Structure formats: C-alpha cells, structure tokens
Amino acid sequence: MTGVMPLAEPLPVDRRGEVDTAVLVIGTGFGGAVAAARLAEFWGTRVLVVERGREILPGQFPETLGEVAAELRGPAHPLGLFDVRPGRDLHIVDANGLGGGSLLYAGVTLPPDDAAFTPRDPATGRRFWPERVHGEALRDRYARVRSMLEVEAWLDESDVARSGPATPPDLLTGSPVAADIVDPGASRGRDAHGRTARDRPQLTRSEPVRRLAERLGVPYYRTPLAINLTHTGDGQPNAHGVTRRLCTQDGGCVTGCNVGAKNTLTTNYLPYARTRGARICVGVEVVRLRPGKRRRWMVDAVHRSLVRGRPRARRVRLHADLVVVAAGAAGSTELMLRSRGRALPLSAALGTRISGNGDAMVLSFDGERELATAPSAPGPAPGPTITLTVDIVTADGRSLIQDGGFPPAVLPELGRTLAMVFGRWRTALVPGQATAALNRSQVWLAMGTDSAAGRASLDRGGRLRIRWPGANTDPAQRQREAWLAELARLQGAEPLLVSQDRRSAAARAPITVHLLGGCPMADDPDFGVVDAAGRVYDPRGGVHSGLFIMDGSVCPTSLGVNPSLAIAAVAENAVALAGTEVQP
C-alpha cells in the first residue's frame, strides 16, 4: 500500500432503495471524471458520481497471471477489473473500476492531429464532427488536461546525446516538466533511483522503433505519459493532495500500477471533484434510464456491496435533474440502446460509427539482441510500458507505432507460452531458457485511422453486440500490421500477429483497447446522438433537457492516437459549450 486514501463512500440510498441528487454522473473514465470535476465546481455536494466497478488502490492490482485471470469480469464476478467482450467482428478489452480506462492504460496522452476532425461522409459530403469541435477549439482543452494529469516523458542518455526536443513542444503545453523534455541535457528531474536523464541508461527495446522511423523517413519522439517519472517527490502529495510515488520503471502500467506512480484519474480529476463536494460511489451498475416524476430523470441500477463480509446485490433507483452518461464507448452505447423507447426516443444514429481506433499488436520472440523487456534483479529495468512513438501520415491517414513492455504479472508464464507457440520446445522446457528468450522479445503496438463502420445492437440478453464485416481487411490496418511485422524482423525475430489466426472469423477479428463511437456527435439528429455539448438529441425536435453523454462513445471517427487526451478534452469542451445548461 502507498498511503493513498480511498475516494469512494457508501451510496446514500434510503430504505426503499431510492437515491435523490441534483446531478448524476454515470462512469468515471476520461469523460466522466472530467464531467464530475467541472460540475462539482458548480453544484458541490449535489453531485453524485457512480461507477460500475470497485475502487482498487495501489497495491491491490493483480501481480500474477492467475490473479489477472481472477479479475476477468463476468456474471460470477461483475466487479472484475478486466472487461473482455469477445465478438465475431471485433474483440473489446476495457477496464472496470473507479478511474475507468486510466487504471489499465499506458499513460499515453497524445492529441489527434487537426485532420482527425475533418473527415466527411462520402455519400453526403457532411462533416462527421460538429462544426464547434475541431483542433483549434481543443488546443486549450488539451493543455488543461495535460496540466491536470501532470504529463511527463521518458528521457535517457540517448535523448541527451541527440540534443534538441525529445518531444515536439506543442505536444507538451500544460506539462509541468515541459522544459526538461524540450531540453533533455538541462533536465534536473530525478527518478526513483536518483538519476537525471543524463545518467539514465538507454532503453534498448526502443531502438528497433527508431530504426523503422529512420528507414521510413518519418518522425519519432518520446511519448508524453501521465506517469510520475520525476515531477512529484517520492511520498509527496501532488497538486490534488494525493500521495505519489516515483515510477520504478518495471513496465507494469497495463495491469494496474501497484507502485502508485501512474497518474490515473483517481489522482487528479476525481479527487478534485471530491474536494469540491462530489460524492463518489462504486459498485453501481446502471441498467436503464428514462424520464422521471420525482426529478427530471429516473435511473434504474444494481448496487453491489459487501454486507458483513458477504457480497450483496440490490436494485436501486436514482433520481436526478441532470444526468451525464459517461460509461465508456461500450457501456454508454449499451445503456442508451437499452433505454431507447417510446418514453425516450433517440436518434437513429445510435449504435453507429463504431471504431476500434485502428488498434493492432505484434509479438516477437527470441530475437538477436537483448531488449531487457522482462525486469530482473540485477539488470536494467524495462521502463514504462510505452516510451517512443513513430508518427506516420500516408494517403490512408495517420498511424502511430509504439514500443511496448510486458507487464510483470504475465512474465513467469509468458516466456514458456511464447516458446510453445513458436515451436521452441527445448526453450520452453529447459529451466531459465524461456526467461532469457523473453528478454530478447518484444510487443509492438499500433493504432490509426479506420472506417468507423461498426454497428452496435443488443443481443437477446440485452448485451452489446458489434457487427462490422470486413473490419480486419482495411488496407490501412494491413499496412500497420506490416510495419509491426517489420519491427520484429529488425530484431531478428519471427512476428506473431495477434489477430491473424485464420481458423475462424472470430479468431481473425481485431482486438481493440480503444473502442470509440456508438453515440456519435453531429450537428443534427439525423447523423448524431448528441451535439457538440454532449446534449442528447430528441428526434422529434430539440434535445432531451438535462441529459448528456460525455465519453469515447461520442467520437464519430477514429482518432489515430491513444484517445485518452482527446476524450478528456472533448468532455472539457462539452461542459464549456453547455454553459448555463449544466449550472444551477
């Protein structure tokens, strides 16, 4: 444990299972946390924030593969951390817990380029995004989010030797350590081992990524990260009063940071909301919403808690005048599909514009060079999960290629498993050989533009179902996968493309950890579910007063980058555009 204080409190439910509040925020990811913080500035204690998952503090995240498996969310474990949704055309991996996707993301905070907001529908010529949502309008919002998340970047001796900015300055506006990243040689920030950038050894695992960028003649740079690498002293409070630890560089970001160094939303936006009076409650799964009588909106939910050490599930009903739906692209789309009906008519665009953000991943095994991807003592630490980004723009759109680290929780079993997958039986069976091979292995990551042509509906059980025939045949996706395979070969290793098992359509389906769309923004209800302020359209005319959606579901196109910064900035923008409609 790291001394971090819990944020969650008991749900203020009465004996009849009723909860009354002026403002209700559903979800605590990058949209919900922003909404909670900004609405708490206006409403204070009259804001109630509910999260489907549970609160998980540093030190409580899984540390072995068995513990990871035990955290899979399902009917028997609805509070599990990993929400994995297999599908015929698209597989979705998401987080379930207070802080939403920030619990499992790698901390990457990159803005989309301005072109991400300009695509038009080829059939109508209509711009997908609303006119008031564009790169210039979001510039200040990005800076505000970076400041809240206290964005840094990995620096080492190689960045000092090259001189010049390690990251383009316009990607750092708002960062408290932007000056260090722009001039690594003058950096004085010290890491958990007391080293400045000049003293920090080069990460060999990022070298193949550099080599690919140089071969393609495209830019590469240090990835902006919401991780406490040097900024807040070890054991010291950040600007929001949350005790922070310095990153130990073990690569465990994507199974949950047990050190307490990743700047998840539970260390910034959510404590900001709580200090302004917002109540935060966990284990509350919203299943339906509709117009109410006691207040403007009535919300049906299941509240899961422990009573005398035993799990308990109870149906509750929440009443609010202002509701912000921010349950993530999958959760919000599923909720709105369940809620649509005569009492709550919604746009025909609901369930459209689903995107996997062009996600792709390749594994390479037992290459020619030591990459230090598996942490060991003694030995070099692998660093944060992602440290370097290659930025490629072609006629098909933008693509990012990033280095990746293996989370420590999977290491003991991963080496043997990969050896067997690649037919290296001796490596798998001889003690120590699998671990040695794993240190010459790597995971390579990519994302970029896609057609956002997926469509969502509900199955007979009321669960989200994605249909997207041809999702795995997009030419831009094939090119990203080819670049990833080339990275493996640059390392002298054979690539294993995760989504290229040809045994069945489902086995070939892409895997996304960045689902977008389903409740797309647009300037009219014929093409969108919400407007630029997140207000939910009433297809009969106008909007549903007091009902908003603010999360990744409102993105009508892929973003071409890790989407957390953009989702938060679009939510910041939506609250600002809503103006007096979200104020008392």
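Two strands are taken to pair if DSSP finds at least two bridges between them, and with that in mind the tour of this predicted model can begin at a small set of strands.

Select residues 91-95, which form strand S5, together with S21; these two strands pair in the parallel sense over 2 bridges. To find the register, colour His91 and look across to its bridge partner in S21, which is Ile511. Now widen the selection to the open sheet of 3 strands to which they belong, whose order is S4-S5-S21 and whose pairing is mixed. Strand S4 (82-85) and strand S21 (511-512) are the edge strands, each of them pairing on one side only.

Before going further, colour the chain by confidence. The average pLDDT of the protein chain is 92, and 96% of the residues score at least 70. Residues 501-506 fall below a pLDDT of 50, and this stretch has 7 contacts in the model beyond near neighbours in sequence. Where pLDDT is low, the predicted coordinates should not be read in detail.

Next, select residues 455-458 and 464-467, which are strands S18 and S19, paired in the antiparallel sense over 4 bridges. Within this pair, Ser457 stands opposite Arg465 of S19. The hairpin leaves 5 residues between the two strands, and Gly462 takes a positive phi there, near 80°.

From S19, turn to the second largest pocket, which has a volume of about 620 Å³. Its lining comprises 25 residues, and those closest to its centre are Arg73, Asp83, Arg85, Glu334 and Arg463. Show S4, S19 and helix H8 (328-339) as well, since each supplies at least two residues of this lining; S19 gives the most, with 4 residues.

Follow H8 onward to the loop between that helix and strand S14 (360-365), where Asn357 is found. Phi of Asn357 is near 60°, a positive value in a residue other than glycine. Most residues other than glycine have a negative phi. Is Asn357 buried or exposed? With a relative accessible area of 0%, Asn357 is buried.

For a second residue of this kind, select Ser163, in the loop between helix H4 (157-162) and helix H5 (178-182). Ser163 is not a glycine, yet its phi is positive, at about 60°. Ser163 has a relative accessibility of 56% and therefore counts as exposed.

The enclosed spaces come next. How many cavities of 30 Å³ or more does the structure hold? There are 3 of them, and the largest has a volume of about 170 Å³. To centre the view on this largest cavity, select Ile56, Pro58, Thr264, Thr266 and Thr267, which lie nearest its centre among the 17 residues that line it.

Finally, display the cysteines. A search of the whole structure finds 0 disulfides, and Cys247 is a useful place to see why: its sulfur lies 6.1 Å from the closest cysteine sulfur, that of Cys253, which is too far for a bond. The cut-off that matters here is that a disulfide needs two cysteine sulfur atoms within 2.5 Å. Cys247 counts as buried, at 8% relative accessibility. Cys281, the last stop, is also buried, with a relative accessible area of 0%.

Methods. Residues are numbered from 1 along each chain as its sequence is written. This is a predicted model: local features need pLDDT of at least 70, side-chain atom pairs count only at pLDDT 80 or more; totals for chains, interfaces and linings use all residues. Side-chain values use heavy atoms; hydrogens and water are left out. pLDDT is the predictor's confidence in each residue, from 0 to 100. Contact means heavy atoms within 4.5 Å. Buried means under 20% relative accessible area, exposed over 50%, partly exposed in between (1.4 Å probe, protein chains only). On a 1 Å grid over the protein atoms alone, a cavity is a set of points where a 1.4 Å probe fits but cannot get out, and a pocket is an open set with protein on both sides within 12 Å along at least five of seven lines; lining residues have an atom within 4 Å of a point. Grid points are joined across faces, edges and corners, and a volume is the space filled by probe spheres set on the points.
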